[in-house]
Structures are given as C-alpha cells and as structure tokens.
Amino acid sequence: MPIRQMEENSEQHLVIKNHLQNTMNPVQRAPKTAQNGKGPPTAHEPQNPKQPHNQTSPPTKNRGRRRGRGGRKSDQGDVCMRPSSRPCTVAHKPVNPASGDIVAATTNRSIQNGHNLSGMEMGFPTSSKSLNFAPRPGYGQVGTKCIVRANHFFAELPDKDLNQYDVTITPEVASRAVNRTIMAELVRLYKESDLGTRLPAYDGRKSLYTAGKLPFAWKEFTIKLVDEEDGTNGPKREREYKVVIKFVAQANMRHLGQFLAGKRADAPQEALQILDIVLRQLSTKRYCPIGRSFFSPDFRAPQRLGDGLESWCGFYQSIRPTQMGLSLNIDMASAAFIEPLPVIEFVAQLLGKDVLSRPLSDSDRVKIKKALRGVKVEVTHRRNIRRKYRVSGLTSQPTRELVFPVDDNSTMKSVVEYFQEMYGFTIQHTHLPCLQVGNQRKANYLPMEACKIVEGQRYTKRLNERQITALLKVTCQRPRDREHDILQTIQHNAYNQDPYAKEFGIKISEKPASVEARILPAPWLKYHETGKEKDCLPQVGQWNMMNKKMINGMTVSRWACINFSRSVQENVARGFCNELAQMCQVSGMEFNPDPVIPIYSARPEQVEKALKHVYHASMNKTKGKELELLLAILPDNNGSLYGDLKRICETDLGLISQCCLTKHVFKISKQYLANVALKINVKMGGRNTVLLDAISCRIPLVSDIPTIIFGADVTHPENGEDSSPSIAAVVASQDWPEVTKYAGLVCAQAHRQELIQDLYKTWQDPVRGTVSGGMIRDLLVSFRRATGQKPLRIIFYRDGVSEGQFYQVLLYELDAIRKACASLEPNYQPLVTFIVVQKRHHTRLFANNHRERSSTDKSGNILPGTVVDSKICHPTEFDFYLCSHAGIQGTSRPAHYHVLWDENNFTADGIQSLTNNLCYTYARCTRSVSVVPPAYYAHLAAFRARFYMEPEMQESGSTGGGTGHMKGTRAAGETVVRPLPALKENVKRVMFYC
C-alpha cells in the first residue's frame, strides 16, 4: 500500500471489545535449536516454532477504568480485530496482515497472553488484574553456564493465619511516628490482657496485623501519652487518644503458597504486604525509615557532602515472590541528610561565608529560606527543654527590628526584649533574620542562634554537582565489599531473634541465594569492507575503532564552528577542528577539512544572536545551501548555554550540532575524538556498525519479516518541582533488517503522568474531519518511508515503569499502539511484544568466587552477557535479569526485563539473545551498554527535551539550563500543559539526541 494511502486512510481506529474470544491452542514448542541456531532460516522452516493460533489483544481501557485518566472516547466506530497471530514466514515472503477470520465480538471469554496459562474464566471488572501477563515460555539454554550469588535470602512461608484489623485513632494524627508511639503504648499496656498475648505488627496508619485472631472483633482503648518535650518544672502535659481496633479480614496464605508454586497467576498482594510490614517493624523502631530503606549514622560515620548536608548509610529491604519461594532482597543504600548543626553554622556552610559579621543580601535570604523551609529545628535556649518546630519561612527584617503583640490590646514587644525577659537569653547576632515557625497567620519568631537542626531529616531537593560526586564516592563499592556489607547487615538484623518474625513464624536464611546463570556470547559486529578489520568480536564487552571504518560513513561538506569559550584562542580551536575532521575521515566519513566560514567567537549570553549569525552567514556563503553540522566549543561550566544552544538549533534553525567542552579542546585524546566522530556520524544519518547476524538475516523473529523496535521512556521533574510537566519520548528503528538507526519524538505531558499520552491521538479538523496522529503513528509512517515496507512485527521496550504500574501502562499503551496501527490501514495489526525495562531495582549479582579472575571483569563484576531467568525471578511470568555491560567502577546493576505481552511467541533464548545483542549496537561508544539501546535512546531524547521549554519559564540559576517548569492553567483538577516547540523535520529523521 502506498504511503499516501496509509496516511490518508485514517477514518477508522480500533476499539478492542471487552469480550473478545480467545480461541488459543495449547502451545507446542519446537526443539530449542530452532530459534537459536546460527544458520539463516530456510524457506521450509518457519522462524517461529509455534503452532498457529487465534489470539486477541488485551482489553482496552473500558470506560470504568479510563475515568479520571484523561482517556479519549471513541467516535470513529468499532473495527472488529482479526486473529493477530500467525506462523512467521521467512523474509521476502510478505504476510497478509488482514488474513484470518474476523473474531466474533459477542462471546464472553477470558483474554490471555501468549499461552493459555489457566482455565479460569475472566470477566472485565474495573480492576485491570483480569489481564494475564505473558507466562514464562521455558528457560534459556544458550550461553556458558555458571553460578552467581544474588542478594536474595530465602524466607520460609509462615503456616499461621494472618489477620488484618482496622485502626482508628482520635483525634486524628498526621505523623506515622506518633501513631506508632500510641500503638506501642497500647501493646505495652494490653498485650498480656486484652490482646491475648499477641504481638501485632502496625503499618503506622490504618492497619494492624496479627498471627492468629485477637480475643475480640471490636474494641476501644484509651491511651495517654506524656509530652516528653515539655520541660516545665510542674507535671508534664498529657495527651489522650481513643484507639478503636476492628477486625477486617483474614489473609489467605494458601493463595500465596499456590502463587509461589506457579499454580496461580495473580499475586496475593495483601499477604505479601503483611509479611513486608512484619519484617520492617523492628528496623522501623531502631533506624530512620525512608521508603523501603532504613538509615542510621551508626552504620558508618556520616560523610560531609558540603552546604550543610551529609551522607548516611543504610540498607534497603523488600520481600519478593520468586521461583525459590519468598525471598528477602537486601541491598546497601545511602542518602543525603541535613547535618544536625546549629542553624547559624548550617547557614554559614550553605552560603560559604562568615554570616556573623556581615549582613545578608536579598539573594542570601532567598537561598536560606529555600533550604530551611519545612526543616525541623529544636530550641537550645531553654536548657533541658528541646521543643521541636518546623520552619515555615524567614523574616524579611533583622531580629533587632522585629516586634510582635503580647496581648489583645496590641501591646508590642521586641523579640530581643522578649527572649531576655522570658528566658534570660541575650540574642548576640541581632543583624540576622529570625526563623518563622508554625503557620503563616500566627507566625512565631525564633532567633537562628537559639535553634539546632533536628537529626535524621532526609534532604529531598536537588543536589549540586559537587554533592553528587561526594555521594557517589560513598555509594561506590566494589562487588566484594558490597556483598560483605550485605551479609553483615543480614547478621546484624538477626531476623531469627526478631520478636515480630518469631511471632508470625517467618524464618530468614542468612545465606545468599546461589543461582544458575549463563554468559551469552557477544555478537559479531560488521564494519565497512574498506577497513583492515571488516568485522569484530568484542572482548569482555568492549572493542575499539582501530583499523575499522564505519559501515555507513556520512559526508559533511558544509560545517561551521562557534567558540563560546574565552580561554580557547582561535588557533587552538582551529587545531582542534582539524584533528576532529581527520578523525572523522579516518573513521570512514567524508569530512571537508575547511569550515564554510571562519571560526566565530561569541559570548555565552549571546547564544541566540551568535547561532543565527553563523546560520545566515553560512547560507550566504554557500548560496542558500543548508549548513550540515555546527561544532560548538563550550566553557566547562556553561550554565544554561548547552540547553539553549540545543533548543535553538533543533526547534528553531533545524541545525545538527556537536558540543565539545574546553577541557577536551586543550587535552586532545584520540579516544575522545573517536567517540565524537561516532556521535557526529549518527547525527548526520549514518550507521557506525551493525550486527553481522542482522545483515545475514539471522536474527530470530526480527530478520524474517519487517520488524520495528521501539523504545519509550517518561522522565519526571525533580523532587520539589510541583508544576513542571513530565516529558515522554519514543524512538523507533528506521532500518530493517539492520535495526540500528532510531528516529525520536518527544512531548510534554501532565506533571508526573507515567502513561504516555501522545502515543496515539485524534482531533477534529474543520476541513478533513477526524484526523489521527501521535508518536507511534508518525514513527510507523517514517519507517515505511525509510524502508519501503510496513512493519509486521513490533517489539516495544518500555523504560521507567514500576511494578505497581505494569497493568495500567500495558492496557493504555498497547491499546494506543493498536489504534495507531488501525488508523493507518483497516485490519493492520502487527504482532506486538511489550517489554518493561527496569534499572531502579535492588537485585545485585556477584561472582561465586571473587578470586577467580576468569569469572569476573577488570572491576571484579560478573561478566557482560550474564543472564538469570530462574530462582530469583518471578514464579510464573516471563522476566529475566541481564548484565549486558562490563563494570567500570562500583557494583554492576543488571537490567531487569519483564515481558508483559508477547504475541510473537519469543522463546526465552530468543528475547534474551536479541536484547543482549542490541546492547552492542549503542551508537555513542565502543562498549556494550547496560540497558537495551532503544530504551537508552528514549531516555536521552526525553532528557534533551527538558531543554526545549521556553527559557522564561525555566527556573533561574538552574545548572542544566532546562530544568525549569512551564506555566499551565489548572481546570477541573487537571493541568493544561504547554506543548514543546516542534522539532524540525530534518532533525526528527536522525539521532539528534546522541
């Protein structure tokens, strides 16, 4: 079908019925060699060794589920979906996407994924849990077998009944810590009597759990708490609370046992949550709990990070269902805390100057106010009374000028007099402002010198570069040291002595799990025939460009250079450009050694003027021909310059740019130039290398029929940014069978919205009527333009999704993919495999023997290509851990891949080998990377798009230059997000984000 016809045929889009029939046949697997053999597929042997079957897509977001999520209603009529799975054929045999009978949309059957996992009938309640994720198709066999150790510790399942009770405390308390204190007092007073000797576990909010029932179904208790902070000489203040405990339900441990044994598909979240809370009780009392981690200054001496911050060490803990049963995942953790300093000392560190002798400027006040707002302080001027307050602001006047009313007659008294008369405390530094504590209407003033920061407050705002470097030094541990600390933590926590674990019958092993792993072979890479080395086999995850030429080196005839660095003289800049041009030529590009116009020097604050000058001067010189590349030399610390330059070049002028820092210009290294050459080539539309198997059409379920690989990610604004939009990015391969070039699109969406809103969208045009669009649709069309083929298979790698969001992301985004395809052509439904990529997890893999050099890389980490799909993985679903990269420093973090939906029926070896091999095709370096490149590229594109926000909306003084926020108007609880400026067409087509 011609492109024009594909684009114009947009009058219909797919709405998948909630009750499509699943007529799936039991899966029959071919021998394992069928998908993993090295030879190309023959015409007689289908690539996909499965039986043909009819298969439907998952339920879409029905109206009950869509409500409140910004979903769109269908207004284009329903299209019944054909059976979407069929036997794959070899390349050059086109598959008719419309083949097969239309599925009747009237029967009510369960929708399942890939295989018929269980015979359970499923309706479609508002809970998305009626959808089954792809079941594990078997275990991988490819690669060299080895044993690794994981930071998972076997937890024996309790045989006791677990009961849940509802807790109501009046008056209501916002603080979990106070709630816990109330409940601890209740247990102390009534454990032996009313509670029937039970030791309950409490979540700090509304739920209480017991092993065995309490003697009552409902009971009210009165608890009195003494205010320990009240240091008056008389009797201390008491607060009285009423606590009502009411029976709610019994957790079904049998259900959990069946799930762990692989006999049930749905995880009993309630039972897992109870066990998690039980195992956290003791640590919550001992340490400072933050999220799933616990911190204490006693684990290791806190290290100063600068500006009044310090790092605390701690550990992460989580109970997880795995194939070996319940597992306790323990990892080391560190976080930035506010140093418990006297406030004046904190302020001196924050400003980096003596504050006792000099007055504060307005900018100083703003900085102090920002840093201290919300921070708890305790007073030090009342001897044994250590009252705590939360800072709400800073006075605009110095302490010596502050007065306040002391009675109803508006009798005024100065703060200095009040503290002298009331407490005998003489304020020394009256030129400093006071802290405002309490609410803004009735503010209390506290002199800075009478306050100290309370210990144990985590710093949640953005760290500066210096602080990040200092924190990384603390967190960066060699694998051997990290494993040692984890084992020490397990012993120190002594779960076998934990009274709560004993009460609930939970036993934790102190031995880490030994897991069978495999080391997948590195793929052969193809380079240009004119180089000395035409192909290359990477060694331990790396290789280099010596004696090799890029497989598709591009031509750069017209280029210019802007120098924004004062310290770089023109002759130095010229020498650098010459060296870079030579490296590009040596690497296989054709690169004109002379710029169109002489190197132009400019000041960073005049970036827009300089860019436009160079753009127009070059166009005049070349008689209207476009500039192909702009080189830019930037100062090492360039504030918003980098972001401004990228925004102007990519959304205004349509220029491809390459930035180089001053330090690299002065210290020219061949390795640096080679890496920059790689980046320039892909930005110009070239390819650096491709997989030899891709050219030979030997990649299972990629080489047989036109296949497009997507990567998608959403990046959210920094903590504390409450109005900035989230940025979604989608990239997609634009070449087949090579799958190496990825075009990228970006969009802004509502603050912290994880579902990608613009995958597919429709709107009303006054002339054309209903028009379809969106990122998936646009990328499918550009794939067709670039390859002359329409994709018959989609592999979608989705980054940045937490486990709790799997269902809603799959439902929403798979539905968007379906609609985007159907809007291009009736009955066009390529087979989809949807894989979530996770890096933010706490599973670590260690070599079985740290001394055995052959089983580790130079950094002491496990070897690149190490894959694990047993024991510590999900009991029934299709997931695996893959460490695809060689470690540089610290402990390598394997990526966790979870196949949520698989209509292509990949074997375990098929998807593991494909993912590992793709990690060797990352364009920016000659190393395998830790995350599959399409997901990596989507992350880079989303990060780049932060710079596209309008500069006047950006937060002043931010280091990245683009981390500001866009104004939006709120209506009916939703934010209207200003769209990002559009990328220029020539930029969209290439890997501009590299």
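This is a short talk about helix packing, unusual backbone spots and cavities in one protein structure.

Hi everyone, and thanks for coming. Please keep in mind that the model is predicted. I'll start with three pairs of helices, then turn to some loops, and end with the empty space inside.

Let's begin with helix H7, residues 343–351, and helix H8, residues 362–372. Their axes come within 11 Å and cross at roughly 120°. That angle makes H7 oblique to H8. The crossing is right-handed. So who touches whom? On the H7 side you'll find Val343, Phe346, Val347, Leu350 and Leu351, and on the H8 side Asp364, Lys367, Ile368, Ala371 and Leu372. If you sort the residues of this contact by type, eight are nonpolar, none are polar and two are charged.

The next pair is H13, which covers residues 570–586, and H17, which covers residues 670–683. Here the axes come within 9 Å, and the crossing angle is roughly 65°. Is that oblique or roughly perpendicular? With that angle, H13 counts as roughly perpendicular to H17. Once more, we have a right-handed crossing of H13 and H17. H13 brings Phe576, Glu579, Leu580, Met583 and Cys584 to the contact. From H17 come Lys670, Tyr672, Leu673, Ala674, Val676, Ala677 and Ile680. Sorted by type, that gives ten nonpolar residues, no polar ones and two charged ones.

Our third pair is H14, residues 607–621, with H15, residues 641–653. The two pack at an angle of about 45°, and their axes are 10 Å apart. This makes H14 oblique to H15. The handedness of the H14 and H15 crossing is right-handed. If you have the structure open, look for Val607, Glu608, Leu611, Lys612 and Tyr615 in H14. They meet Leu641, Asp644, Leu645, Ile648, Cys649, Asp652 and Leu653 in H15. How many charged residues does this contact hold? There are four, together with eight nonpolar residues and no polar ones.

Now for the loops. Which form does the peptide bond from threonine 170 to proline 171 take? That bond is cis, with omega near -5°. Proline 171 sits in the loop between strand S2, 162–170, and helix H4, 176–190. Further along the chain, the bond from tryptophan 736 to proline 737 is also cis, and its omega is near 15°. You can find proline 737 in the loop between strand S30, 726–733, and strand S31, 742–749.

After S31 comes another spot to look at. Arginine 752 lies in the loop that joins S31 to strand S32, 761–765. Its phi is near 60°, which is a positive value in a residue other than glycine.

Finally, let's look for empty space. Rolling a probe the size of a water molecule over the atoms shows where such space is left. How many cavities of 30 Å³ or more turn up in the whole structure? The search finds seven. I'd like to pick out the second largest, which holds about 120 Å³ of space. It is lined by 18 residues, and those closest to its centre are Asn688, Thr689, Thr921, Tyr922 and Ala923. What kinds of residue make up that lining? Ten are nonpolar, six are polar and two are charged.

Before we finish, here is one thing to try on your own screen. Find Asn688 and Tyr922, two of the residues closest to the centre of that cavity. Then go back to proline 171 and look at the cis bond that leads into it from threonine 170. Thanks for listening!

Conventions. Residues numbered from 1 in each chain as written. Predicted model: local features only at pLDDT ≥ 70, side-chain atom pairs only at ≥ 80, totals over all residues. Heavy atoms only, no water. 1 Å grid on protein atoms, 1.4 Å probe; cavity = no way out; pocket = protein on both sides within 12 Å on 5 of 7 lines; lining within 4 Å. Points joined across faces, edges and corners; volume = space filled by probe spheres on them. Nonpolar A, V, L, I, M, F, W, Y, C, P; charged D, E, K, R; others polar. Axes fitted to C-alpha atoms, helices over the stretch in contact; angles between N-to-C directions. Helix = DSSP H or I, 4+ residues; strand = E, 2+ residues; numbered from the N terminus. Parallel < 35°, antiparallel > 145°, perpendicular 65-115°, else oblique. Left-handed = near helix turned anticlockwise from the far one by under 90°. Contact = heavy atoms within 4.5 Å.
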